[in-house]
Amino acid sequence: MNLFRLIGDMSHLASILILLHKIKTSRSCRGISFKTQALYVGVFVTRYLDLFTHWVSLYNFLMKLFFISSSCFTLYLMRYRYRPTHDPSIDTFRIEYILGPSFLLSLIFNYKFTVFEVLWSFSIFIESVAILPQLLMLQRTGEAETITTHYLAALGVYRALYIPNWIYRYYSEGVIDPIAVTAGIIQTGLTSTSSTCISPRYCKARSSNCPHEVDSVRGAMSQLGSRTPAECLYYRSRP
């Protein structure tokens with residue numbers, strides 16, 4: 001394994017931990033697309049069906065196990081624990097437009113017409129566009145929370161680092177995976193687009209809160225100004 005893939009994998013892992021941290025600390029899944037997370041569950045389950053039948057390394061095994069379990073846990077939190085905080089009226093992307101074409105492409109483009117290989121290709125094609133429901137949701141709400149931006153940024157770093165990983169493997173090992181490379185370029189483009197769209201939306205959301213913050217500061221200053229010097233000294237001396 002080269003450094004590009006290792007850092008990319010760590011960025012992918014970080015994106016999931018950021019997402020789970022956001023849900024658990026805020027006790028809310030507001031701003032997160034349930035459909036995108038459901039697609040990721042499908043990606044990991046269909047890609048890692050060989051978890052207990054094909055051993056590569058301990059690192060490989062633990063990463064596969066983490067991605068499957070964490071994605072299922074995220075879906076559980078959104079579906080049951082914090083379901084009232086999710087608004088399905090803004091999470092309206094029709095995922096059949098992703099599942100149908102991805103399945104047809106996996107039947108055409110695969111390295112061997114077997115169940116494992118077809119499902120592997122299926123997962124690659126789904127992952128390349130799984131972020132679309134999340135992007136549509138952000139477009140509908142017109143704003144993005146801080147953690148959501150960090151989550152998407154970590155996903156973008158993960159995909160971007162896989163490009164030099166492929167280049168390195170091509171020149172060092174003579175290995176090239178046209179299916180993964182093509183889908184990865186599409187996914188990198190989508191995550192890059194999401195980053196450029198999210199920044200102004202986040203800034204807009206922050207700026208809309210500024211008047212409230214200014215009013216709070218002005219209120220505190222007016223209260224302080226109405227006190228006598230003795231009262232001010234008393235309040236400053238309190239622990």
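# Briefing: a helical model and its aromatic pairs

Tyr 76 and Tyr 80 sit 4 residues apart in helix α3, so about one helical turn separates them. Welcome to a predicted model, in which the protein has 9 helices and 0 strands. From the N terminus onward, the elements read α-α-α-α-α-α-α-α-α. The points below start with the overall picture, then turn to helix α3 and its partners, the aromatic rings and a few individual residues.

**Overall picture**

- The protein has 239 residues, and 37% of them count as buried.
- Take the contacts between residues at least 6 apart in sequence: 77% of these join residues at least 24 apart.

**Helix α1 against helix α3**

- Helix α3 covers residues 58-81, while α1 covers residues 3-26.
- The axes of α1 and α3 come within 11 Å, with a crossing angle of roughly 25°.
- Angles under 35 degrees count as roughly parallel, and α1 and α3 are therefore roughly parallel to each other.
- The handedness of the α1 and α3 crossing is left-handed.
- On the α1 side, the residues that meet α3 are Leu 6, Asp 9, Met 10, His 12, Leu 13, Ile 16, Leu 17, Leu 19, Leu 20, Ile 23 and Lys 24. On the α3 side, they are Tyr 59, Met 63, Phe 66, Phe 67, Ser 70, Phe 73, Thr 74, Leu 77, Met 78 and Arg 81.
- Sorted by class, the residues in this contact of α1 with α3 are 15 nonpolar, 3 polar and 3 charged.

**Helix α2 against helix α3**

- Helix α2, residues 34-47, also packs with α3: their axes come within 9 Å and cross at roughly 150°.
- Angles over 145 degrees count as roughly antiparallel, and α2 and α3 are therefore roughly antiparallel to each other.
- Here, too, the handedness can be stated: the crossing of α2 and α3 is left-handed.
- From α2, the contact draws on Phe 34, Gln 37, Ala 38, Tyr 40, Val 41, Phe 44 and Val 45. From α3, Phe 67, Ile 68, Ser 71, Cys 72, Thr 74, Leu 75, Met 78 and Arg 79 take part.
- The contact of α2 with α3 contains 11 nonpolar, 3 polar and 1 charged residues.
- Some α3 residues serve both contacts: Phe 67, Thr 74 and Met 78 are listed with α1 and also with α2.

**Aromatic rings**

- The structure holds 13 aromatic pairs.
- Phe 44 and Tyr 48 make a stacked pair, at 6.2 Å centre to centre and with 5° between the planes.
- Both partners of that pair are buried: Phe 44 has a relative accessible area of 2%, and Tyr 48 has 14%.
- Tyr 76 and Tyr 80, the residues that opened this briefing, form a tilted pair, with 5.8 Å centre to centre and 35° between the planes.
- Tyr 76 is partly exposed at a relative accessible area of 37%, whereas Tyr 80 is exposed at 58%.
- Ring pairs also join Tyr 40, Phe 44, Tyr 48, Phe 66 and Phe 67 into a cluster. Among the cluster members, Tyr 40 and Phe 44 belong to the α2 side of the α2 and α3 contact, with Phe 67 on the α3 side. Phe 66 and Phe 67 also appear in the α3 list of the contact with α1.

**A loop residue worth a look**

- Arg 27 lies in the loop between α1 and α2.
- Arg 27 has a positive phi of about 50°, although it is not a glycine.
- Most residues other than glycine have a negative phi.
- Arg 27 is exposed, with a relative accessible area of 54%; the cut-off for exposed is over 50%.

**Residues that meet across the sequence**

- Leu 17 lies in helix α1 and is partly exposed, with a relative accessible area of 42%.
- Along the chain, Leu 17 and Tyr 151 are 134 residues apart, yet 8.6 Å separates their C-alpha atoms.
- Leu 17 is also one of the α1 residues that meet α3.
- Leu 138 belongs to helix α6, residues 132-141, and is buried, with a relative accessible area of 6%.
- The C-alpha atoms of Leu 138 and Ser 33 are 8.9 Å apart, although 105 residues separate them along the chain.

Notes:
Residues numbered from 1 in each chain as written. Predicted model: local features only at pLDDT ≥ 70, side-chain atom pairs only at ≥ 80, totals over all residues. Heavy atoms only, no water. Helix = DSSP H or I, 4+ residues; strand = E, 2+ residues; numbered from the N terminus. Buried < 20%, exposed > 50% of the residue type's maximum accessible area, 1.4 Å probe, protein only. Axes fitted to C-alpha atoms, helices over the stretch in contact; angles between N-to-C directions. Parallel < 35°, antiparallel > 145°, perpendicular 65-115°, else oblique. Left-handed = near helix turned anticlockwise from the far one by under 90°. Contact = heavy atoms within 4.5 Å. Nonpolar A, V, L, I, M, F, W, Y, C, P; charged D, E, K, R; others polar. Phe/Tyr/Trp six-rings, centres within 6.5 Å; stacked < 30°, edge-to-face > 60°.
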